[in-house]
Amino acid sequence: MPTNGLHQVLKIQFGLVNDTGRYLTAESFGFKVNASAPSLKRKQLWVLEPDPGQGHAVLLRSSHLGRYLSAEEDGRVACAAERPGRDCRFLVLPQPDGRWALQSEPHGRFFGGTEDRLSCFATAVSPAELWTVHLAIHPQAHLRSVSRRRYAHLCPQEGEIAADSDTPWGVDALVTLVFQNRQYGLRACDGRYLRSDGRLVGEPEARARYTLEFKAGKLAFKDCDGRYLAPVGPAGTLRAGRNTRPGKDELFDLEESPPQVVLLAANRRYVSVRQGVNVSANQDEELDHETFLMEIDCETKKCTFYSSTGGYWTLVTHGGIQATATQVSANTMFEVEWRGRRVALKANNGRYVCMKKNGQLAAISDFVGECSPPSPGGWGWALCPGTAQAAAWTEQAVPSGQDEEFVLKLINRPILVLRGLDGFVCHRRGSNQLDTNRSVYDVFHLSFSDGAYQIRGRGGGFWHTGSHGSVCSDGERAEDFLFEFRERGRLAIRARSGKYLRGGASGLLRADADAPAGVALWEY
């Protein structure tokens, strides 16, 4: 994996839920804390930091305020400290049911309470002093063993997950964390869950759920018997070992999972680096050499393509494209134009990438095809300028299949979790509509056909657009949606109407946004 931007350990943010189901909240006014919020939003996000003194204590920092939780000797609590002091040090004591007890290290008292009656004065742990950890990060990621420095991936023939891969390449490296009953399941890309004996099972049964523990910024997964997941044996099979305390073997990093894509050229061949450094459209199947990691620059919104051979696409002499660059530079950045079911790529020389007669890619075209950009419908059709048909704006169109256009397919999200500005996308209870502001998430199944995606939810129903921009999840037939990867870690979803899916004040998913920005962008 490249090290300049793509090897990203996720910053672990979480919410703390008390015994009444309310989230610990840090308020701006008076830097007070309470446990009144019913859902996980910005004010309920916390980060665990190690104590600078290298002891067992930790610090709890509010992501919202950037200040630290503190407990005084008389039990009063606040989130006002800009720098961590003695009163900010807590001990995390995991309980058998997966919840945490938080004990003030200098004063020995326990933190808890309800609503705005929080204190750190209890001498023993009762239900009021127990907190459930709810991760606030996007739950789809790569899992990397700290001790072996290898990535976990599904081994479908053996029916296991093994930490023996140098790079998290392909769909098999995707892991989804599923939050249920105050614990987490590890779900492989084929939908099965990892059981503590190393086997994969269809449901998140008791032995397939784990309590999360944090140590020095790393994660450990404790099973129902108090043992921890670890890579075992030469193959690094993940299963619970003998240890009842997490050491280096039991620690993992969660890393960001950028989109991995394949590109199909106009000759119906896959773009590949199988036959050398030249990037060419000459393969009939999509395997590792045809898979590229696509990363979007936060500032320019341009993207890079990183190959399984260890090189970025880069612009070379005479407009050629080779997968040889080891560092990101201006010549490795490509501007993506979203043209309905197709994409076009513009290189640093201002020209479009096209497929030459021998299949090699080169940035030598000044424009895309002989026709104008796609019509307002955006579904891969374009009217030819200067013709009677265009003048009359009739229905006649030409298919978008030029040498400068490619089908771009996302391959490492067979199951999809979407999060917007207000929360996760989830089925609304008792309805066929979808909420966009939930603390919990539903997992949706993704399929692909000719540049478009079909989304299937609970019970097998397909997403479809209804009247007045509503989006429902009970369709009998699949409806096509277009994915546009607009920002790092965020995509826009375009409906057949040409409008983008968005969240909003109503909390319902709707297809009525004109631009792919703000509430119309989704973490995936």
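# Worked exercises on a predicted model

Glu115 counts as partly exposed, at 43% relative accessibility. Keep that residue in mind for the opening exercise, and remember throughout that this is a predicted model.

**Exercise 1. Work out where Glu115 and Asp450 lie and what their phi angles look like.**

Step 1. Start with Glu115: find it in the loop between β10 (110-114) and β11 (117-122). Check its backbone, and you get a positive phi of about 45°, although Glu115 is not a glycine.

Step 2. Go on to Asp450, in the loop between β42 (444-449) and β43 (452-456). Asp450 isn't a glycine, but its phi is positive at about 50°.

Step 3. Now the accessibility of Asp450. The value is 38%, and buried means under 20% while exposed means over 50%, so Asp450 counts as partly exposed.

**Exercise 2. Is Arg187 buried or exposed, and which side chain of opposite charge is nearest?**

Step 1. Place the residue: Arg187 sits in strand β17, residues 183-187.

Step 2. Arg187 turns out to be buried. Leaving aside residues up to four places away in sequence, its contacts are Leu174, Val175, Thr176, Val178, Arg192, Tyr193, Ile415, Val443 and His445.

Step 3. Look for a charged partner. The nearest side chain of opposite charge belongs to Asp190, 7.2 Å away. A salt bridge needs the nitrogen and oxygen within 4 Å, and Arg187 has no salt bridge.

Step 4. Try the backbone instead: the Arg187 side chain reaches the backbone oxygen of Gly191 at 3.2 Å.

**Exercise 3. How many salt bridges does the whole structure hold, and which parts does the Glu295 pair tie together?**

Step 1. A search of the whole structure turns up 37 salt bridges. As background, side chains of opposite charge can pair when their charged atoms come close.

Step 2. Take Glu295, which pairs with Arg488; their closest N and O atoms are 3.6 Å apart. Glu295 belongs to strand β28 (residues 292-296) and Arg488 to the loop between β46 and β47 (490-494), so this salt bridge ties together parts 193 residues apart in sequence.

Step 3. Compare the two ends. Glu295 is buried, with a relative accessible area of 7%, whereas Arg488 counts as partly exposed at 22%.

Step 4. Do the pair Arg428 and Asp435 in the same way. Their side chains meet in a salt bridge of 2.7 Å, N to O. Arg428 is partly exposed at 30% relative accessibility, and Asp435 is buried at 7%.

Step 5. Finish with Arg486 and Glu484, a salt bridge whose closest N and O atoms are 2.6 Å apart. Here Arg486 is partly exposed, at 27%, and Glu484 is buried, at 3%. Elsewhere, salt bridges that share partners link Asp51, Arg89 and Glu105 into one network.

**Exercise 4. Which residues line the second largest cavity, and which strands each supply at least two of them?**

Step 1. Set the scene: the structure holds six cavities of 30 Å³ or more. The second largest has a volume of about 70 Å³.

Step 2. List its lining: Trp338, Gly340, Arg341, Arg342, Val343, Leu408, Gly451, Tyr453, Phe483 and Phe485.

Step 3. Map that list onto the strands. β33 (342-346) and β46 (482-487) each supply at least two lining residues. From the list, Arg342 and Val343 fall within β33, and Phe483 and Phe485 within β46.

**Exercise 5. What does Gln275 touch, and how far is it from His289?**

Step 1. Gln275 is in the loop between β26 (270-272) and β27 (280-283). With a relative accessible area of 67%, Gln275 is exposed.

Step 2. Not counting residues up to four places away in sequence, Gln275 touches Asn282 and Gln283. With Asn282 there's also a polar contact of 3.0 Å between the side chains.

Step 3. His289 is 14 residues away in sequence, and the C-alpha atoms are 9.1 Å apart.

**Exercise 6. Where is Ser70, and how far is it from Ile364?**

Step 1. Ser70 is part of strand β6, residues 68-71. Its relative accessible area is 15%, under the 20% cut-off, so Ser70 is buried.

Step 2. Skipping residues up to four places away in sequence, Ser70 touches Arg76, Val77, Ala78, Asp87, Cys88 and Phe90.

Step 3. Between Ser70 and Ile364 there are 61 Å, C-alpha to C-alpha, and the two are 294 residues apart along the chain.

How values were computed:
Residues numbered from 1 in each chain as written. Predicted model: local features only at pLDDT ≥ 70, side-chain atom pairs only at ≥ 80, totals over all residues. Heavy atoms only, no water. Helix = DSSP H or I, 4+ residues; strand = E, 2+ residues; numbered from the N terminus. Buried < 20%, exposed > 50% of the residue type's maximum accessible area, 1.4 Å probe, protein only. Contact = heavy atoms within 4.5 Å. Polar contact = N/O pair within 3.5 Å; in protein donor to acceptor, adjacent residues only side chain to side chain. Lys, Arg positive; Asp, Glu negative; His and termini not counted. 1 Å grid on protein atoms, 1.4 Å probe; cavity = no way out; pocket = protein on both sides within 12 Å on 5 of 7 lines; lining within 4 Å. Points joined across faces, edges and corners; volume = space filled by probe spheres on them.
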